[in-house]
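Welcome, and please open the model in your viewer. We will go from one selection to the next and look at what is there.

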Amino acid sequence: MPELPEVETTVRAINGFENSTLEKIVIHNRNLRWKVDKELEALVANKKIYKISRRAKYIIIKLDVYSLMLHLGMSGKLRIQNKKDNFFKKHDHVEFIFKDKKIIFNDVRRFGSLHITKNINHHPLISNLGIEPLSRDFNKDYLHAICANSKLNIKKLLMDQKKIVGVGNIYASESLFLASVNPLRPAMSLNVSECYEIIKAIKKVLKKAIKMGGTTLKDFYSADGSEGYFKLNLNVYGLEKKPCKKCKHQIKRIVIGQRSTFFCEICQI
DNA sequence: CTGAGATCCTGTCTGC
DNA sequence: TGCAGACAGGATCTCA
């Protein structure tokens, strides 16, 4: 489900828990994308939370010695609930319990994961991640250098988390539409000015999506229960056969790497 | 090393 | 209404 803007929105919704004490974690189902560490509950009991942040699509919860890493996968979401409201929903897998409230991790498809580690940067799932797209270092020269060395098409390259993090299926399609670049273009065929258009488009799309609370297509809700309204700004994603907003030609849907990809054949060359 | 394809899981929607 | 098949916002693993 969640790409960078949805994860960022979720982090902002729970960062009020910074400086709170995590009384305990209760795990109802350890069988997430990876089995949750047996020691995890014991290591986090009654620890203060120093910082809640985001790296790529991971939510990082910094405790004293350890940090928690939470990935929402395709269908994961958090829900803040009063502790005394003791109800459950189907697919509630983990509860983070505080004095008066709790944060619940719900994930239908269980592609999400929860990890504990001493040094985030050394964790194998983090250490190989690529550049943050909203950082200054993500510029046209950087992208052009990556493209020049890749045999992937540009859509696949943008979604490769080892190269650029946070861009998923929705925002890859949307960014390429804004940049007027065909998703099937071999990355190595792109010149510097096309790379410039792409990085501008990615930054613009992600920033706007964060501002609007992410994209709720079906079931994304932030931890405070709010929907994301970026859906209203989608130009191509999920709009097969609808008229292109620039030229009115029908939006086309194709499959790239087993993922639906939407674009305008006329505008995106 | 790179890249293509299968795979984990559950739910919903479409078409016959 | 039932049922098969496609599809869903991710990303790792295996194999060539």
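Start by selecting helix 7 together with helix 1 (4-14), helix 4 (140-148), helix 5 (154-159) and helix 6 (169-178): these four are what the buried residues of helix 7 pack against. Keep in mind that you are looking at a predicted model.

Next, show the side chains on helix 7 that make up this buried set: E194, C195, I198, I199, A201, I202, K203, V205, L206, A209 and I210. Note that E194 and K203 are among them.

Now zoom out to the whole of helix 7, residues 192-211. Its 20 residues reach 28 Å from the first C-alpha to the last, close to the 28 Å expected at 1.5 Å a residue.

What caps the N-terminal end of helix 7? Select N191 and S193: a side-chain oxygen of N191 lies 3.1 Å from the backbone nitrogen of S193, and N191 is the cap.

Then travel to the other side of the helix. Helix 7 is followed by G213, and the phi of this glycine is positive, near 80°.

Carry on into the loop between helix 7 and strand 11 (252-256), where you will find K241. Which sign does phi have at K241, positive or negative? Phi is positive here, near 70°, in a residue other than glycine. K241 is also exposed, because its relative accessible area of 57% is over 50%.

Your last stop is K248, in the loop between helix 7 and strand 11. Phi of K248 is positive too, near 75°, and this residue is not a glycine either. At 61% relative accessibility, K248 counts as exposed.

Definitions and conventions:
Residues numbered from 1 in each chain as written. Chains lettered and ligands numbered in written order. Heavy atoms only, no water. Helix = DSSP H or I, 4+ residues; strand = E, 2+ residues; numbered from the N terminus. Expected span 1.5 Å × (residues − 1). Buried < 20%, exposed > 50% of the residue type's maximum accessible area, 1.4 Å probe, protein only. Contact = heavy atoms within 4.5 Å. Polar contact = N/O pair within 3.5 Å; in protein donor to acceptor, adjacent residues only side chain to side chain.
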